[in-house]
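Trainee: Could we go through this model together? I'd like to see how each label is earned.
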Amino acid sequence: MAVDVLLGLQWGDEGKGKIVDYLAPNYDVVARFQGGPNAGHTLNIQGKRVVLRTIPSGVFHDRPCNLIGNGVVIDPVEFMKEANELESLGIDLKKKLKLSEKAHLIVPTHRSLDAASEAAKGEGKIGSTLKGIGPAYMDKTGRNGLRVGDLLSPDLKSTFERLKKKHLELLSLFNFQDNSAGLEEKWYEGVDYLRSLNIVAGEYYINDQLSKGKSILAEGAQGSMLDIDFGTYPFVTSSNTISAAACTGLGIPPTAIREVIGIIKAYCTRVGSGPFPTELIDDTGDQLRKAGHEFGAVTGRPRRCGWLDLPAVNYTIMLNGVTQLIITKADVLNVFDEVKISASYTIAENKVKTIPFNMNTSDITPAYDTFPGWNTNNLMQTGGNLPSALEKFVKFIENETKVQVSLISIGPDRDQLIQL
Ligand code: GDP
Ligand code: IMO
Ligand code: MG
């Protein structure tokens with residue numbers, strides 16, 4: 001069997017969690033391969049809203065085992081909060097979850113460094129979730145990081161102290177008042193909890209599963225427009241978020257990848273700073289935010305909203321090798337008489353369909369195609385036939401992207417889906 005990769009093609013929050021939860025029973029393993037608790041993947045489980053941060057979105061089903069791969073960064077404090085909530089819902093993580101020994105750890109001073117770096121940037125701040133993700137990946141590439149496997153070493157305390165000392169020196173250069181010491185006790189509690197879980201050589205585990213013919217769903221976090229190399233740099237996250245990262249973040253060969261499932265919202269959102277050509281800073285944007293409940297799952301921040309941006313989607317389809325598209329939140333557009341899609345930009349009087357090096361929103365004018373709204377609250381009752389207005393919208397996307405849409409999500413619940 002093979003690995004299917006599922007990821008977001010925009011700026012995150014495309015509805016990955018809901019779709020992974022829906023697809024999970026078809027797989028033997030669901031594996032997260034990058035990011036950390038900056039992610040917030042929302043699942044609706046029997047009317048209860050659960051937000052997963054580091055734990056894969058397959059945990060609510062019997063069949064798949066769930067793996068946190070080496071490409072993920074784990075904060076023991078945040079992890080234990082998330083795990084406690086899941087255990088209170090009856091999920092036995094000792095059975096359902098494996099952790100790669102090579103995943104890196106976020107320590108409390110990483111969070112201070114994130115805050116110090118953002119404060120130093122002033123107006124140019126990224127709008128980070130301040131979970132310490134960037135500093136943790138910097139220590140990984142700087143070859144200073146602490147890994148899950150190190151939790152089993154008797155030297156843990158001294159390694160932790162050495163790393164903390166380095167961080168405190170950096171924080172003093174920022175003139176930043178560190179108050180992370182209060183988190184240390186919780187960090188060590190989280191560490192004890194992590195030690196009680198199933199820590200494995202993730203790369204051997206997953207390749208063994210592949211050789212036994214098992215099927216794997218690799219769950220991406222963030223979105224491709226937040227990728228460290230190809231996103232709207234510097235307003236990006238600190239990991240590669242594209243399909244290639246499933247290989248490095250799990251230890252699987254590229255030849256193991258079968259389908260690449262790309263998720264897009266029927267419109268666009270972004271949380272934090274950075275370019276967003278189709279952003280609507282007007283009543284329509286407010287209406288989208290209200291209808292789509294567009295507030296961050298992690299930080300509660302209002303998400304910036306705008307129309308669907310196909311130059312960005314086509315860029316990320318190319319980078320990821322997307323083989324099928326899933327459109328989410330089609331129901332949110334019910335409130336509009338007319339909806340729009342941008343399939344090209346005008347930059348310096350030229351029509352372009354590609355993403356420029358400097359994606360300054362002020363230099364880019366999106367060109368729009370306008371479609372009639374579908375104006376129905378009964379999307380589920382159409383017996384698999386889409387209302388003709390929604391069908392036109394979907395066909396336009398398929399024509400412009402040359403990729404077929406396999407599913408349309410029309411509500412936050414697991415079964416609110418139309419299969420095409
Ligand atoms: P993720 O980070 O990609 O998993 O997405 P988030 O969970 O951050 O944000 C998606 C939000 O939209 C969550 O609140 C979901 O419950 C919700 N959602 C997902 N799919 C749909 C849909 O088709 N319609 C509506 N109305 N809400 C959806
Ligand atoms: P999911 O997996 C949306 C954004 C932050 C900020 C930038 C850098 O739920 O789709 P970081 O904390 O990584 O240093 O922040 O990236 N960001 C996300 N936006 N969804 C996410 O994850 C995000 N994870 C990070 O808002 O602009
Ligand atoms: Mg999210």
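Mentor: Happy to; we'll take the sheet, a few residues and the two ligands in turn, keeping in mind that this is a predicted model.

Trainee: Let's start with the sheet. What makes strand E9 and strand E20 edge strands?

Mentor: The open sheet has 10 strands with mixed pairing, in the order E9-E7-E5-E2-E10-E1-E11-E15-E19-E20. Strand E9 (198-200) and strand E20 (417-419) each pair on one side only, and that makes them the edge strands. On average, neighbouring strands in this sheet are turned by 25° against each other, direction ignored.

Trainee: How do you know that strand E1 and strand E11 pair?

Mentor: Pairing needs at least two bridges between the strands. E1 (residues 3-8) and E11 (residues 257-265) share 5 bridges, in the parallel sense, so the pair qualifies under the rule of at least two bridges. As an example, Leu-7 has Gly-262 in E11 as its bridge partner.

Trainee: Which helix lies across E11?

Mentor: That is helix H12 (residues 388-401), which also lies across strand E15 (324-328) and strand E19 (405-409). H12 runs at about 145° to E15.

Trainee: On to single residues. Why is Ser-239 called buried?

Mentor: The cut-off for buried is under 20% relative accessible area. Ser-239 has 5% relative accessibility, so this residue counts as buried. Ser-239 sits in the loop between strand E10 (216-223) and helix H9 (244-250). Beyond its neighbours up to four places away in sequence, Ser-239 touches Gln-34, Gly-35, Tyr-137, Gln-222, Leu-226, Asp-227 and Ile-228.

Trainee: What makes the link between Ser-239 and Gln-34 a polar contact?

Mentor: The distance limit is 3.5 Å for a pair of N or O atoms. The side chains of Ser-239 and Gln-34 are joined at 3.1 Å, so the pair falls within the 3.5 Å limit.

Trainee: And why does Thr-316 count as buried?

Mentor: Thr-316 has 0% relative accessibility, so the label is buried. Thr-316 belongs to helix H11 (residues 310-320). Setting aside neighbours within four places in sequence, Thr-316 contacts Leu-9, Ser-224, Met-225 and Val-322. Thr-316 and Ser-224 are 92 residues apart in sequence, yet 6.0 Å apart in space, C-alpha to C-alpha.

Trainee: Which residues of helix H5 are buried, and what covers them?

Mentor: In H5 (residues 133-141), the buried residues are Ile-133, Gly-134, Pro-135, Ala-136, Tyr-137 and Asp-139. Their cover includes strand E6 (73-74), strand E8 (104-105), helix H4 (108-121) and helix H6 (156-173). After H5 comes Arg-143, with a positive phi near 60°.

Trainee: Now the ligands. Which residues are closest to ligand 1?

Mentor: Of the 18 residues that surround ligand 1, the closest are Gly-15, Lys-16, Thr-42, Asp-331 and Ser-409. A polar side-chain atom of Asp-331 is 2.7 Å from a nitrogen atom of ligand 1, and a polar backbone atom of Lys-16 is 2.8 Å from an oxygen atom of ligand 1. On its own, ligand 1 has 580 Å² of accessible area, and the protein covers 93% of that.

Trainee: How do you know that Thr-237 makes a polar contact with ligand 2?

Mentor: A polar side-chain atom of Thr-237 lies 2.6 Å from an oxygen atom of ligand 2, so the distance is within the 3.5 Å limit. The protein buries 97% of the 550 Å² that ligand 2 exposes when taken alone. Lys-16 also reaches ligand 2, with a polar side-chain atom 2.7 Å from an oxygen atom.

Notes:
Residues numbered from 1 in each chain as written. Chains lettered and ligands numbered in written order. Predicted model: local features only at pLDDT ≥ 70, side-chain atom pairs only at ≥ 80, totals over all residues. Heavy atoms only, no water. Helix = DSSP H or I, 4+ residues; strand = E, 2+ residues; numbered from the N terminus. Axes fitted to C-alpha atoms, helices over the stretch in contact; angles between N-to-C directions. Contact = heavy atoms within 4.5 Å. Buried < 20%, exposed > 50% of the residue type's maximum accessible area, 1.4 Å probe, protein only. Polar contact = N/O pair within 3.5 Å; in protein donor to acceptor, adjacent residues only side chain to side chain. Areas by Shrake-Rupley, 256 points an atom, 1.4 Å probe, with all protein chains shown as cover. Near = heavy atom within 4 Å.
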